[in-house]
Amino acid sequence: MKTGKLKKRQVKLVIKNPYGPNTDVYHYAEAGEEVYWAGNTGNPEYYGGRDIRWCTLWSGESIGLEADEVEWDEDTN
């Protein structure tokens, strides 16, 4: 399984106003967090020409990342 580490903090999920106005909740994946490439690449036509790699975080959450946002380990497939 191909693994890597995030180069910078990425917003993972934003929950809009769960407790009323102006109560957005932000969940983050922090820099250095390990990610696992899920083996799926997004079609650039659907993402404004961006090369998106769908990855899984340690928590099981999926996140779409561009290839250069992750420092991929060389010893993983």
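## Strand 1 and the contact of T3

T3 has its place in strand 1, which covers residues 3–6, and in this predicted model the residue counts as buried, with a relative accessibility of 8%. Buried here stands for a relative accessible area under 20%, so the 8% of T3 falls within that class. The side chain of T3 makes a polar contact with the side chain of D73, at 2.8 Å.

## Overall fold

The protein chain holds seven strands and zero helices, and its pattern, read along the sequence, is β-β-β-β-β-β-β. Taken along the principal axes, the C-alpha atoms fill a box of roughly 45 × 30 × 20 Å. Of the 77 residues in the protein chain, 21% are buried. Among the contacts with a separation of 6 or more, 44% are accounted for by residues 24 or more positions apart.

## The largest nonpolar core

Eight residues make up the largest nonpolar core, namely L6, A29, V35, C55, L57, I63, L65 and V70. Strand 5 (52–57) and strand 6 (62–66) are the elements that give two or more residues to this core.

L6 shows how one core member is surrounded: leaving aside residues up to four places away in sequence, L6 touches A29, E30, A31, G32, E33, V35, L65, E69 and V70. A29, V35, L65 and V70, which are among these neighbours of L6, also belong to the core.

## Salt bridges

Side chains of opposite charge can pair when their charged atoms come close. The count for this model comes to three salt bridges.

How far apart are the closest N and O atoms of E66 and R50? They are 2.8 Å apart, and the two residues form a salt bridge. This pair links distant parts of the chain, with E66 in strand 6 and R50 in the loop between strand 4 (34–41) and strand 5, 16 residues apart. Both partners have some access to the surface by calculation, since E66 counts as partly exposed at 25% relative accessibility and R50 is partly exposed with a relative accessible area of 40%.

The side chains of K16 and D24 meet in a salt bridge as well, with 2.9 Å from N to O. Is K16 exposed or buried? K16 is exposed, with a relative accessible area of 58%, whereas its partner D24 is partly exposed, with a value of 25%. The cut-off for exposed is over 50%, which means that K16, at 58%, is placed in that class.

A further salt bridge joins the side chains of D51 and R53, where the N to O distance is 2.9 Å. D51 is partly exposed in the model, its relative accessible area being 32%.

## Charges over aromatic rings

R53, which pairs with D51 in a salt bridge, has a further arrangement in the model, because the charged end of R53 sits over the ring of W37, 5.8 Å from its centre. K2 lies over the face of W72, at 5.0 Å from the ring centre.

How many aromatic pairs does a search of the whole structure find? The search finds zero aromatic pairs, so that W37 and W72 enter this account through the charged residues R53 and K2.

Technical notes:
Residues are numbered from 1 along each chain as its sequence is written. This is a predicted model: local features need pLDDT of at least 70, side-chain atom pairs count only at pLDDT 80 or more; totals for chains, interfaces and linings use all residues. Side-chain values use heavy atoms; hydrogens and water are left out. A nonpolar core is a set of buried Ala, Val, Leu, Ile, Met, Phe, Trp, Tyr and Cys residues joined through side-chain atoms within 4.5 Å. Buried means under 20% relative accessible area, exposed over 50%, partly exposed in between (1.4 Å probe, protein chains only). Helices (H or I, at least four residues) and strands (E, at least two) are DSSP runs, numbered from the N terminus. Contact means heavy atoms within 4.5 Å. Rings of Phe, Tyr and Trp (its six-membered ring) pair if their centres lie within 6.5 Å; planes under 30 degrees apart count as stacked, over 60 as edge-to-face and the rest as tilted. A charge sits over a ring if NZ of Lys or CZ of Arg is within 6 Å of the ring centre and within 35 degrees of the ring normal. A salt bridge is a side-chain nitrogen of Lys or Arg within 4 Å of a carboxyl oxygen of Asp or Glu. A polar contact is a pair of N or O atoms within 3.5 Å; within protein, one must be able to donate a hydrogen and the other to accept it, and residues adjacent in sequence count only if both atoms are side-chain atoms.
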